[in-house]
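This report looks at how a protein and a nucleic acid strand meet in one model. Please keep the structure at hand while reading.

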Amino acid sequence: MADYSKEEIKRIEEKWRAAWQQKGVYKTDNHSDKPKYYVLDMFPYPSGAGLHVGHPLGYIASDIVSRYKRLKGFNVLHPMGFDAFGLPAEQYAIQTGQHPRLTTEKNIATYIEQLRKIGFSYDWDRKVETSDPSYYKWTQWIFMQLFNAWYDRNTNQAQPIAQLIATLDKQGNAGINAVCDDETPAISAQQWSAFNTKEKEDFLQKYRIAYLAETMVNWCAALGTVLSNDEVKDGVSERGGYPVERIKMLQWNMRIAAYAERLLNGLDTIDWPEPVKEMQRNWIGKSVGCELDFKLADGTDTIRVFTTRIDTIYGVTFMVIAPEHELVDKITTADQRKVVTDYVEIAKNRSERERMSEVKRISGAFTGAYVINPFNNEKVPVWIADYVLAGYGTGAVMAVPSSDTRDYAFAKHFNLPIVDVLEGPTSDITKDNFEPKSGSMINSGDLNGLPWQQAIEKALQRVETLGIGVRKVNYRMRDAIFGRQRYWGEPFPVYFDNGIPKLVDEKDLPVTLPEIDAYKPTETGEPPLGRAKDWTYKGHPYELTTMPGWAGSSWYWFRYMDPKNEKEFASKEALAYWKDVDLYIGGSEHATGHLLYSRFWNKVMKDLGYVASEEPFKKLINQGHIQGISKLAYRVNGTSKFVSHNLRKDYEVTPLHVDVTFVDGDVLDVEKFKNWRDDLKNIELILEDGKYICGSEVDKMSKRYYNVVNPDDMVNNYGADTLRMYEMFLGPLELSKPWNTNGIDGVFKFLRRFWNLFHDNQGAFRVSNDEPTRDELKVLHKTLKKIEYDIEHFSFNTSVSEFMICSNELSAMKCNKRAVLEPLLITLAPFAPHIADELWEKLGHADTILNATFPKHNEEYLTESSFEYPISINGKVRVKMNFALDMPKDDIEKLVIASEIVQKWTEGKAPKKVIIVPGKIVNVVI
RNA sequence: GCCAAAGUGGCGGAAUUGGUAGACGCGCACGACUCAAAAUCGUGUACCGAAAGGUGUGUGGGUUCGAUUCCCACCUUUGGUACCA
């Protein structure tokens, strides 16, 4: 006899997971007549804490879509792998000496077992691990392609470096329109050929997409490595929260800025959440304007500024240059020298963090120099201030205090003149409604009277005619730093021959990580790889930094297409068949990191002819985060006493995170708590009503807060099917929400009720072959329609509701008919695969339900001949009346007006108006 | 500060194009079964009111026969961003 009991669930679920594995039902073929569908999850970093209930949220959703698409006749690729290089394993290695590979492998094994228990339809034969040499061989290979490429603005794509060299041989760099370093000089073919090997390579580095350069980097001393901009949050490292400072260093970089415009335009072609697109747009930060020269009043030099508001040039009352600007020293006058030097010194030593926390503080110094405004020949003073950044534009701005809030604040603070140049209702900077992009020009010579947009164009033309500047587009996005002074990452396929960086031969890939004695920098401050003994290539030293975490994840979706290929990163056929990812599910925290870098690498690989699509991920969905509910106990400061939640106001207390497994509701299990740690053995508790009540707060689910809920426990208690459906039932996929198990019983009961539809009171399987009634068919087809609609719209919480409604209705009808239950079971299979295959087998099918066909709903069963109209009076529903759907409006109106209830409200008078919306509503206006 | 998303019962949430607000589930209450409890099943459950009725989707206004849905202003929460000229 088979109840849907705890024991039976365990038996069923294990039975099917074993059967699926043994039969290889999730193996995906690269050859098929069926249309392809590629569903991808953002692969996890395998942390030591294991999977918590938040991780599977997106995986369950993608698994439902995968299974649904398969039932719909698609050949579905649904792989999983691991982003296995990363800092935590290395930090652990530094502390314990344990090789990060061992930690990582152990964690991956845990993850796989946890994932297996939830019944995902991953094709594990396609698993990738970024730290596996057979994988990072190809990460290195792609790096080599990037090293051997430059960006040609004429064709607007990356080109082989050999082609650039050929041009340099022939004509120097004249006529080359490339994205390259700013200070790249113009050279002739003669100069080029006169270069020695080192000079040639140094010159090429200014063009390569992967290149070495002295750049300002975010140096994190505590982690002993540099970090990319997206790894730094609020001046501290995103992982660990250590301070970060800006220093100059020779580093590997990626010329992602070359792709700024294409990365921006591509956003309009992909189906991604608008907030993510917006974040990428902001990150790219395009601004259109011009650069123009201001001559110094003494005629010695010119200072070039970048502005987007050339229309306001008559309002320029001073100029500001960055403290790091190259002309600071030169133009500063003798009597201002001390002030300026002092200021530069302070600005230099202010850490990034201080600068950020002191955004509101206004500081600066006058250089003593003046420049001439080329439009009106007026003399304006030149200041230095750290609100002007050296790295953006030209590091100099023409200050217009009447239309820029920062310039305004600066002018107010130092008592500098302000000249209004815009006139309009929102053009006054002293008013709250100030809007810089509004109004028409005043006090602006021949620009007077023009709206600001037209004034920009006219002023631009004048700049061009005078030959003092050019139109210019600037991007906020910088090139990405690509090296890390760490051990646990991909080694570069690069060695140094007399200081010249060279690529290893392709046949010598992969360059594997050498074994070292300790996972920290050398005594001389070199990266950990400096410890490797005899680690050379043909007698030359290797590059000692490793690639950043995002290297391996910037192309992994291609590897899944053909994961075992030893000759190519993926075969041409596999790439041609799978093309790109149809659905990508993951967290929005990757908006400006992984998702941008992946688009970048994809575009380079497309330019070089390796892949076909311009964009890697056609549709993206951000799943929300499941937060943890932390439990708090309150230690009375300086004592070994803990006070219960509601009494804590009377004491000075420090909250302590308590392991959530010690707490039932709000009540602390005192014994477990005391036995938790040695320092808690002898504590004294101040109770309320004889209990210790804990406080709660919502935190990230993390080991650190002792609030992690493990999916294994949920699977043991309720089964994987219940866990899967419950996570979907919690609410919309995109929403973040704290984990609580309050509603899980409801989902469990639903599955049992569903099971019971197939069984009699004694638990015997009993399904009848009788013809279903029209009502039963209506329930069935209504459900089929709704479930299909919901899956197509990624609204899984409402599908679970619909299943519940359907099973409630069929239970009430005591329907156990095969013709109804069988199609219903197929629609449930993507959500609850274990119970589905079990019942499918009991229905007499030899093959798994995965190979069934998703049933089509039939509108015929859903059409009604009549409708129960809500009759509202002045918009409030008062009564319901049933009318045939084809009844003429006039007849409905007569019957409604004549009805007792309406008569009561109208008091016999004729209503002002009667609105009848067929099939929807009747509204009587009185 | 700026950009984006979101505010609906005791709780999670539903309402697909402007058309019955609160589906579904949890919780709670009552009832059945039971010596009893658990489990299970059934009934009820936005708020005020005995009822008639009234009030209700963050707040205030507007458009409309009709607004959770559209428009304007504001408040709150969450995420992103940090002087980008």
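The sections below describe the surroundings of the RNA and then a pair of helices.

## Surroundings of RNA strand B

In this predicted model, 47 residues lie around RNA strand B, and those that come nearest are Ser287, Thr308, Arg406, Leu730 and Tyr789. Sorted by class, the surface near the strand comprises 23 nonpolar, eleven polar and 13 charged residues.

Seen from the side of the RNA, 63% of the strand B atoms within 4 Å of the protein belong to sugar or phosphate, while the rest belong to bases.

## Individual polar contacts

Leucine 730 takes part through its backbone, a polar atom of which is 2.6 Å from a sugar or linking oxygen of RNA strand B. Tyrosine 789, by contrast, uses an N or O atom of its side chain, which is 2.6 Å from a base oxygen of the strand. A base nitrogen of RNA strand B lies 3.4 Å from a polar side-chain atom of serine 801.

## Helices α24 and α25

Helix α25, residues 796-813, gives the most to the surface near RNA strand B, contributing six residues. The axis of α25 comes within 9 Å of that of helix α24, residues 774-792, and the two cross at roughly 170°; α24 and α25 are therefore roughly antiparallel to each other.

The residues making this contact include Val779, Ile787 and Ile791 of α24, together with Phe796, Phe803 and Leu810 of α25. By class, the contact of α24 with α25 holds nine nonpolar, three polar and seven charged residues, and among the charged ones are Asp775 and Lys782 of α24 and Glu802 of α25.

Technical notes: Residues are numbered from 1 along each chain as its sequence is written. Chains are lettered from A and ligands numbered from 1 in the order in which they are written. This is a predicted model: local features need pLDDT of at least 70, side-chain atom pairs count only at pLDDT 80 or more; totals for chains, interfaces and linings use all residues. Side-chain values use heavy atoms; hydrogens and water are left out. A residue is near a molecule or strand if one of its heavy atoms lies within 4 Å of it. A polar contact is a pair of N or O atoms within 3.5 Å; within protein, one must be able to donate a hydrogen and the other to accept it, and residues adjacent in sequence count only if both atoms are side-chain atoms. Helices (H or I, at least four residues) and strands (E, at least two) are DSSP runs, numbered from the N terminus. Axes are lines fitted to C-alpha atoms, for helices over the stretch in contact, and angles run from 0 to 180 degrees between N-to-C directions. Angles under 35 degrees count as roughly parallel, over 145 as roughly antiparallel, 65 to 115 as roughly perpendicular and the rest as oblique. Contact means heavy atoms within 4.5 Å.
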